[in-house]
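Got the viewer open? Switch to a cartoon view, keep the selection box handy, and we'll walk through this one stop by stop.

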Amino acid sequence: MNIFDILGPVMVGPSSSHTAGAARIGLIARQLLGCTPEKAEIYLHGSFADTGKGHGTDRALVAGLLGMEPDDPRIPVSFDAAGECGMEFTISETVLRDAHPNTARLILHGKDGRRVDVQASSLGGGRIQVNKLDGMDVCFSGNCNTLIIYNEDRPGLVADVSSLLASVSVNIGTLQLFRDKRGGTAVMVYEIDHPLSPELVQVLEQFDGILKATYINVKL
């Protein structure tokens, strides 16, 4: 535990869980899409739905999608900023099975046809956890540089990706593997100690059996 876990993040208030955490969820979802969304469907669950409007959760999520950090003074006017840049969005309430009370689901569409479906929870103190990605159960925080690989569930692909990272001296902190069914679609989540170049991510996408690669770059 560090001092920021005790004091909370530098942020625009009023709540670290409902405002700062929501902004981080928006930011991570934006990075998973790879661009500013052209259209965003935002669904609020539990406490986010019950008290989110009063805490600015809705505005914080939209701010994150626009690339604003939790301490950005423009968060209260993020709806106006979205209109200025042409990002359409809808906000609705929903009920998500077995989800943390502070959870949002964001379905994002990019201008180039890209789409991502992200479910994430705000855990307090500005910390978040991504728990579903395109309908598949995952578990990562976005606190580290994170490489997410969608791939066919077959032998050899984990070794191929890990070997490429080793060849460019990228150290792997953690590796998690998820799949919908045996022989179906799988997801690898690498938390790594070093930044990746966009060119390396593009190389990974050319590997036989890899369907898509995306990368969260953490600013240090």
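What is the order of the six strands in the open sheet? Reading across, you get E2-E1-E3-E4-E5-E6, and the pairing is mixed. Keep in mind as you click around that this is a predicted model.

**Stop 1: the sheet edges**

Select 88–94 and then 136–140. These are strands E2 and E6, the edge strands, and each of them pairs on one side only. Turn the view to look across the strands: from one strand to the next, the twist averages 25 degrees.

**Stop 2: the helix on the sheet**

Now add residues 57–65, which is helix H4. H4 packs on the sheet and touches E1 (39–46), E2 and E3 (102–109). Compare directions while you're here: H4 makes about 140 degrees with E1.

**Stop 3: two hairpins in a row**

Select 115–124 and 127–133. That gives you E4 and E5, paired in the antiparallel sense over six bridges. Show side chains and look for two cross-strand partners: valine 118 of E4 stands opposite leucine 133 in E5, and serine 122 stands opposite isoleucine 128 in E5. Which residue in the turn between E4 and E5 has a positive phi? Click on glycine 125, where phi is about 65 degrees; two residues separate the strands of this hairpin.

Carry on into E6. E5 and E6 also pair in the antiparallel sense, over three bridges. Pick lysine 132 and look across to E6, where its bridge partner is aspartate 137. This hairpin has two residues between its strands as well, and here aspartate 134 takes the positive phi, near 50 degrees.

**Stop 4: H4 meets H5**

Go back to H4 and add residues 78–85, helix H5. The axes of H4 and H5 lie 8 Å apart, and the two helices pack at an angle of about 35 degrees. The crossing is left-handed. For the contact itself, show Asp58, Arg59, Val62 and Ala63 on the H4 side, with Ser78, Phe79 and Ala82 on the H5 side. Colour by class and you should find four nonpolar residues, one polar and two charged.

While H5 is still selected, pick alanine 81, which is found in this helix. Leaving aside neighbours within four places in sequence, alanine 81 is in contact with Leu66 and Met68. Draw a C-alpha to C-alpha distance from alanine 81 to valine 62: the viewer should give 9.1 Å, for two residues 19 apart in sequence.

**Stop 5: the aromatic pair**

The count of aromatic pairs comes to one. Show phenylalanine 79 and phenylalanine 89: their rings are tilted, with 5.0 Å from centre to centre and 45 degrees between the planes. The pair links H5, home of phenylalanine 79, to E2, home of phenylalanine 89, and the two residues are ten apart.

**Stop 6: H6 and H7**

Last, select 157–167 and 198–205. How do helices H6 and H7 cross? Their axes come within 11 Å, at roughly 155 degrees, which makes H6 roughly antiparallel to H7. The crossing is right-handed. Bring up the side chains in the contact: Val161, Leu164 and Leu165 come from H6, and Leu200, Val203 and Leu204 from H7. By class, the H6 and H7 contact has six nonpolar residues, no polar ones and no charged ones.

How values were computed: Residues numbered from 1 in each chain as written. Predicted model: local features only at pLDDT ≥ 70, side-chain atom pairs only at ≥ 80, totals over all residues. Heavy atoms only, no water. Pairing = 2+ DSSP bridges. Helix = DSSP H or I, 4+ residues; strand = E, 2+ residues; numbered from the N terminus. Axes fitted to C-alpha atoms, helices over the stretch in contact; angles between N-to-C directions. Contact = heavy atoms within 4.5 Å. Parallel < 35°, antiparallel > 145°, perpendicular 65-115°, else oblique. Left-handed = near helix turned anticlockwise from the far one by under 90°. Nonpolar A, V, L, I, M, F, W, Y, C, P; charged D, E, K, R; others polar. Phe/Tyr/Trp six-rings, centres within 6.5 Å; stacked < 30°, edge-to-face > 60°.
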